[in-house]
Amino acid sequence: MDLVWLLCIFVLSFGELSLGQSKPDVDAVNVGAIFTFSTINGKVAQIAMKAAENDVNADPTFLGGRRLSISMHDSNFSGFLGIIGALQFMETDTVAIIGPQNSGMAHILSHLANELHVPMLSFTALDPTLSPLQYPYFVQTAPSDLFQMIAVADMISYYGWREVVTIFSDDDHNRNGITVLGDQLAERRCKITYKAALPPDPTATENDVIDELNKIKLMESRVIVLHTFTKTGLLVFDVAKSLGMMDSGYVWFATSWLSSVLDSDSSLPSKDAHSIQGVLALRLHTPDSKRKADFSARWKSLSNGTIGLNPYGLYAYDTVWMIARAVKMFLDQGNNISFSNDMILKNFRGGTLNLEALSIFDGGKQLLNNVLQTNMNGLSGPIKFNPDRSLVHPSYDVINVLENGYRQIGYWSNYSGLSIVPPEELYAKPPNRSSSNQHLNSVIWPGGTSTKPRGWVFPNNGKRLRIGVPRRVSYRDFVEQVNGTDIVRGYCIDVFLAARKLLPYAVPYEFVLFGDGLKNPSYTELVNMIAADVFDAAVGDIAIVTNRTKIADFTQPYIESGLVVVAPVRKLNSSPWAFLRPFTPSMWAVTGVFFLIVGAVVWILEHRINDEFRGSPRKQVMTILWFSFSTMFFAHRENTISTLGRIVLIIWLFVVLIIISSYTASLTSILTVQQLSSPIRGIDSLIISNSPIGFQVGSFAENYMVEELSIPKSRLIALGSPEEYASALESGRVVAVVDEQPYIDLFLSNHCQFSIRGQEFTKSGWGFAFPRDSPLAIDMSTALLALSENGELQKIHKRWLSKKACGSQNSGSDQLHLQSFWGLFLICGALCIVALLLYLFFILRKFRRHSHQAPEPSSHGSSRSARLQNFMSFVDMKEDKSRSKLKRKQNNHLINGYGEPKSIDGSDILEPDVSGQR
């Protein structure tokens, strides 16, 4: 009802709209068209729609004897005149309206179409906010600007830019398009940093444009998106050229308005042509076909050479045919074109408004459904609607404006993104929107360069970069305030200054200290100050952790950092029993048992078939023991004959190899590496204990231990300096300190009684912080990588952090001392002595038995020397021969009793076994 009153107010000044009008032709199917015919798209649409009307009417039977009649109404850039034209069409039993040309008018006229059930089809009013839910009788017959904005966002992301400036005419069409662009950029972690709104086309003046471009010129972003119409767009480029904003370093994107100018206006002034060089623009993609080629050939005669054909002309032609086909289907379905009075307007009859002339199209809903069921091949390509009423496969050509025209550098489609292959060739393949599959050909950018512009510069507005620096009270090698002044120095500062020198542009800055100077500040609060726009950046020993990356962007890490545990340690003195330490007692026991088991198994497998494993029980037991333990050194001499025995032996020898190798490696480490002892093994032992833990004031270690490791906060003790670390550890106030690796390295350089326990349990690094999506963070990262590659970063590290005060204590640690081995020598010597004593005991017993069994007759020649000589001869005699010699001597003794000769001195002749001597 409110809309009706609004329309009444518009109509009041015109009186009765129907006076003087002729009676409608009952044989005609009336269609209205509302455009501004002085514009490029208006002129092209008028010619194309007239051609389509003639082609439809060329076959009188197509509409069952009826003819299509398109009435043109020129709105002349006026929304008011557009409304008047729509009302006039509604009085003449119009079944559909083509248009309006702009989206602002479409929003208003769609209410009228909804009320009177007249489908409204437009190929130029492509505002993404024209929702079919709100405006069910409004149909966009060309791709919505939603897809055009997605294409622009994809190109910006493809080239790696993060911030853009937009210039647009402040009307519904362009304003809503820029809003959608902002949403699409946000999805790609890009953003619009400034929106320059100009008065609606064509009312913008040169001064309006100059004011906005001067503002943009002082900003850091050099990527500009221009979304407007022809007159304003060319004016912007003209002014930008005069202000030097079409030179190298700038990037300009233009929406489809520019391609329409290039396609249709062959008489573009050289001044305008020169001012748009290097611009990237989009053009609605229409696949090549014979029908399109034939129509293009007809165009010159249709237009009399006054204007060139652009894609909107093709969509205009197809829109007429869509309506004609829908009407044909409507009639073939047995429907009649009829209209009825609107009951809402019943109360407004009489007077001079003649509102009763506005009638409802009875078949409007059916005709709308027929339009939405369109499935045809038009001049613009296949035409079919998705369930959301968008056209299938929206796509655009990407063109690069050159000095003498333009060249196409690729395509964009909603199916596969950016490509250098026509979209229709990709529809048969699975969609692939991955970044590696996005491609465009080379571009000639503004200024004639083929090198991709950086897309931003440091803003030339006289403002210095405010850089927050932590005011540390400990570990001042990293960041230090000089004698209470505003001057800062340190490792982190030198890295920043060295990286700044490698930037391709000047960065004016000032350091601002953050903290009270009494304790180390909170680094999370420092990063929050960037998000709050208090600081433009933060430089210092700032760890890159997850919660901080959510509010700021960080550079490439310039030093590795992670949390480690440091605790008091006790140096283990070398032990004479160190050779036992590689294996635990259970390992020694199991290893010994398996030596015996394997020996017994091999004996069982070989006993019946191998002579080397046979003999007396005593001999076989010794064979088992000898064979088992000799395999430890691969020195076994017994051969295995059975297959099973060989298999067991091979597997066992492999096991022995692994055991000996592991033992050797472990013993080598024990004897050559300094051994430190501490009850703290690492972070795991800290977690399961209930002992207090120290951390550095201001560090993220506190939150990490509480939130990630679930350590009660009551166990954590804040420590402010290395001296406090040492005091707390020595006194037992804390059992360990958890801090970042660079701090601990400096701490341990002066406190050698402590050591890092376990491994680094977080992986991170230090970086410089900048606002989200700041391009300066990217350039600084590149500079830091260059510092790392040329060695300068290492030189800075060596200058500030390379301290080795404890190095002299480790001199001579590679030498091995007797203390580590005398236990082995003691065991070996003791075994040797015991073996000799046992041998002496057994040999004396045998010699005594030998002497008793073969007694020497008393003789005056016997002496101690003779007995010693006999003993030495007995010891030197081979065991088996000594036994045979003993028997022979016994026999000789019996013979001597019957007169056999004896030795001169009266003793038996004992011939030493020369063969047994060595």
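Me: Contact means heavy atoms within 4.5 Å; at about what angle to β6 does helix α6 run?

Reply: This is a predicted model, in which local features need pLDDT of at least 70 and side-chain atom pairs count only at pLDDT 80 or more, while totals for chains, interfaces and linings use all residues. Residues are numbered from 1 along each chain as its sequence is written, and side-chain values use heavy atoms, with hydrogens and water left out. Helices (H or I, at least four residues) and strands (E, at least two) are DSSP runs numbered from the N terminus, and axes are lines fitted to C-alpha atoms, for helices over the stretch in contact, with angles from 0 to 180 degrees between N-to-C directions. Helix α6 (residues 172-187) lies across β6 (163-169), β7 and β8 (223-227), and its angle to β6 is about 165°.

Me: What share of the residues of the protein chain count as buried?

Reply: The protein chain contains 29 helices and 33 strands. Buried is a matter of relative accessible area (under 20% is buried, over 50% is exposed and anything in between is partly exposed, with a 1.4 Å probe and protein chains only). Of the 918 residues of the protein chain, the share that counts as buried is 48%.

Me: Which strands are at the edges of the sheet with the order β2-β1-β3-β4-β5?

Reply: Two strands pair if DSSP finds at least two bridges between them. Five strands make up this open sheet, and their pairing is parallel. Each edge strand pairs on one side only, and these strands are β2 (67-74) and β5 (138-140).

Me: Which residue in β5 stands opposite serine 122?

Reply: Strand β4 (residues 120-122) pairs with β5 in the parallel sense, over three bridges. Across from serine 122, in β5, stands glutamine 140.

Me: About what angle does the direction of helix α12 make with that of β3?

Reply: Helix α2 (residues 40-57) lies across β1 (28-35), β2 and β3 (96-98), and runs at about 165° to β2. Helix α12 (residues 311-332) also packs on the sheet, where it touches β1, β2, β3 and β4, and the angle between its direction and that of β3 is about 170°.

Me: Which helix gives the most residues to the largest nonpolar core?

Reply: A nonpolar core is a set of buried Ala, Val, Leu, Ile, Met, Phe, Trp, Tyr and Cys residues joined through side-chain atoms within 4.5 Å. The largest one has 140 residues, and those with the most contacts inside it are Ile167, Leu213, Phe237, Trp252 and Leu258. With 13 residues, the helix that gives the most to this core is α12.

Me: How many residues does the other core hold, the one with Tyr475 among its residues?

Reply: Phenylalanine 237 touches several residues beyond four places away in sequence, among them Leu226, Met246 and Trp252. Apart from the largest core, to which Phe237 belongs, lies another one that includes Tyr475, Ile493, Phe700 and Phe761, and its residues number 86.

Me: Is valine 261 buried or exposed?

Reply: Valine 261 has its place in helix α9 (residues 256-264), and leaving aside neighbours within four places in sequence, valine 261 is in contact with Ile40, Thr230 and Leu268. Valine 261 and asparagine 41 are 220 residues apart in sequence, yet their C-alpha atoms are 8.9 Å apart in space. Because its relative accessibility is 1%, valine 261 counts as buried.

Me: In β16, which residue is the bridge partner of asparagine 400?

Reply: An open sheet of eight strands with mixed pairing has the order β7-β6-β8-β9-β10-β15-β16-β17. Within it, eight bridges join strand β15 (residues 395-402) to strand β16 (residues 405-413), and the two run antiparallel. In β16, asparagine 400 has as its bridge partner arginine 407.

Me: Which residue in β30 does isoleucine 693 stand opposite?

Reply: Strand β30 (residues 736-740) is mostly covered, as five of its five residues are buried. Four bridges join β30 to strand β25 (residues 563-568), in the antiparallel sense, whereas strand β28 (residues 693-696) pairs with β30 in the parallel sense over three bridges. The residue in β30 opposite isoleucine 693 is alanine 736.

Me: How many disulfides does a search of the whole structure find?

Reply: A disulfide is a covalent bond between the sulfur atoms of two cysteines. Here the term is applied to a pair of cysteine sulfur atoms within 2.5 Å. Cysteine 492 is buried, with a relative accessible area of 0%, but the number of disulfides found in the whole structure is zero.

Technical notes. Contact = heavy atoms within 4.5 Å.
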